[in-house]
Amino acid sequence: MADLGFVRLPAEQHSFEARPLMSSGTTCVMPAGHPLASKPSVGVNDLARNDLILLGRQRVNRNELEHELRRMAPTYRCSLEVHSVETACACVAQGLGLAIVPTLIAEFFRSDAVAMRRFVPDKAADYGIITLSGLRLSWTAEAFIGALSDSRYQKLVVESS
């Protein structure tokens, strides 16, 4: 059993207490040297005719992205479906396609093998900690939440986005 979870808000299960911590935007991750890396940002129409690595089937943010792709991009191809940002970035580094992922998490997987550009329209997402309702947290869990809530940490996260 875990004391807490770090999640995108709102939590899909409503039986948890949620503590919002930070917001972050969306990033397009592509292989280093990809033609789109020369642009300051990447839009939906830029994704046309590119192989895409899509995250989280049947999740709200995936559905929103696919709706936008169907509406704007003439054609798009889902070459892979993965369930973590880490896997998406690893697949991009191997040249298997482009991925649209949360900036906050993508920053942990920055490498020389990939380029990252702001995705527009930017879909800001809120992140926070969830706990079981009524559960008294350990002092270490409270200290961890305090560290994540620290304005210096949040400034570091926002500046890297």
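1. Before anything else, one term: a contact here means heavy atoms within 4.5 Å. With that in hand, take the contacts in the protein chain between residues at least 6 apart in sequence: 79% of them join residues at least 24 apart. Keep that figure in mind, as several of the points below give examples of residues that touch across the sequence.

2. Do remember that you are looking at a predicted model. The protein chain averages a pLDDT of 85, and 89% of the residues score at least 70. Among the elements, helix 2 (residues 85-93) has the highest mean pLDDT, at 97, while helix 5 (residues 151-160) has the lowest, at 54. Where pLDDT is low, the predicted coordinates should not be read in detail. So go easy on helix 5, whose mean pLDDT is the lowest among the elements.

3. Now the overall layout. The protein chain has 5 helices and 9 strands. Walking from the N terminus, you meet them in the order β-β-β-β-β-α-β-α-β-α-β-β-α-α. As for what is tucked away, 40% of the 161 residues count as buried.

4. Strand 3 is a good place to start looking. How many of its 6 residues are buried? The count is 6 of the 6, so strand 3 is largely enclosed by the rest of the structure. On one side of the pairing list, 4 bridges join strand 3 to strand 7, and the two run antiparallel. Strand 8 (residues 114-120) is also a partner: 5 bridges join it to strand 3, again antiparallel.

5. Zoom in on Cys 28 to see both pairings at one residue. Its bridge partner in strand 7 is Ile 100, and in strand 8 it stands opposite Arg 117. Cys 28 has a relative accessibility of 0%, so it counts as buried, the cut-off being under 20%. If you were hunting for disulfides, the structure holds 0 of them. Another cysteine to look at is Cys 78, which counts as partly exposed because its relative accessibility is 37%.

6. Thr 27 also sits in strand 3 (residues 26-31). Is Thr 27 buried or exposed? Its relative accessibility is 5%, so it counts as buried. The side chain of Thr 27 makes a polar contact of 2.5 Å with the side chain of Thr 103. Leaving aside residues up to four places away in sequence, Thr 27 touches Ala 99, Ile 100, Val 101, Thr 103, Met 116, Arg 117 and Phe 119. Compare that list with the previous point: Ile 100 and Arg 117 turn up there as partners of Cys 28. A general reminder while you are here: in a regular strand the side chains alternate between the two faces of the sheet.

7. Strand 8 has a further partner. 3 bridges join strand 4 to strand 8, and this pair runs parallel. One place to check it is Val 42, whose bridge partner in strand 8 is Phe 119. Ser 41 belongs to strand 4 (residues 41-43) too. With 18% relative accessibility, Ser 41 counts as buried, because the limit is under 20%. Beyond residues up to four places away in sequence, Ser 41 touches Asp 46, Arg 117, Arg 118 and Val 120.

8. Next, a loop residue. Where is Gly 97? You will find it in the loop between helix 2 and strand 7 (98-102). Being in a loop does not put Gly 97 on the outside here: at 9% relative accessibility it counts as buried. Gly 97 touches Val 29, Pro 31, Asp 51, Ile 53 and Val 92, if you skip residues up to four places away in sequence. Try the distance tool on Gly 97 and Leu 80 as well: they are 17 residues apart in sequence and 8.1 Å apart in space, C-alpha to C-alpha.

9. Finally, the rings. The structure holds 1 aromatic pair. Why does the pair of Phe 6 and Tyr 127 count as stacked? Their ring centres are 5.9 Å apart and their planes are at 5°, so the pair is stacked. The pair links distant parts of the chain, with Phe 6 in strand 1 (residues 5-9) and Tyr 127 in strand 9 (residues 125-132), 121 residues apart. Phe 6 is partly exposed, with a relative accessible area of 40%, whereas Tyr 127 is buried, at 2%.

Methods: Residues numbered from 1 in each chain as written. Predicted model: local features only at pLDDT ≥ 70, side-chain atom pairs only at ≥ 80, totals over all residues. Heavy atoms only, no water. Buried < 20%, exposed > 50% of the residue type's maximum accessible area, 1.4 Å probe, protein only. Polar contact = N/O pair within 3.5 Å; in protein donor to acceptor, adjacent residues only side chain to side chain. Phe/Tyr/Trp six-rings, centres within 6.5 Å; stacked < 30°, edge-to-face > 60°. Disulfide = S-S within 2.5 Å. pLDDT = per-residue confidence, 0-100. Pairing = 2+ DSSP bridges.
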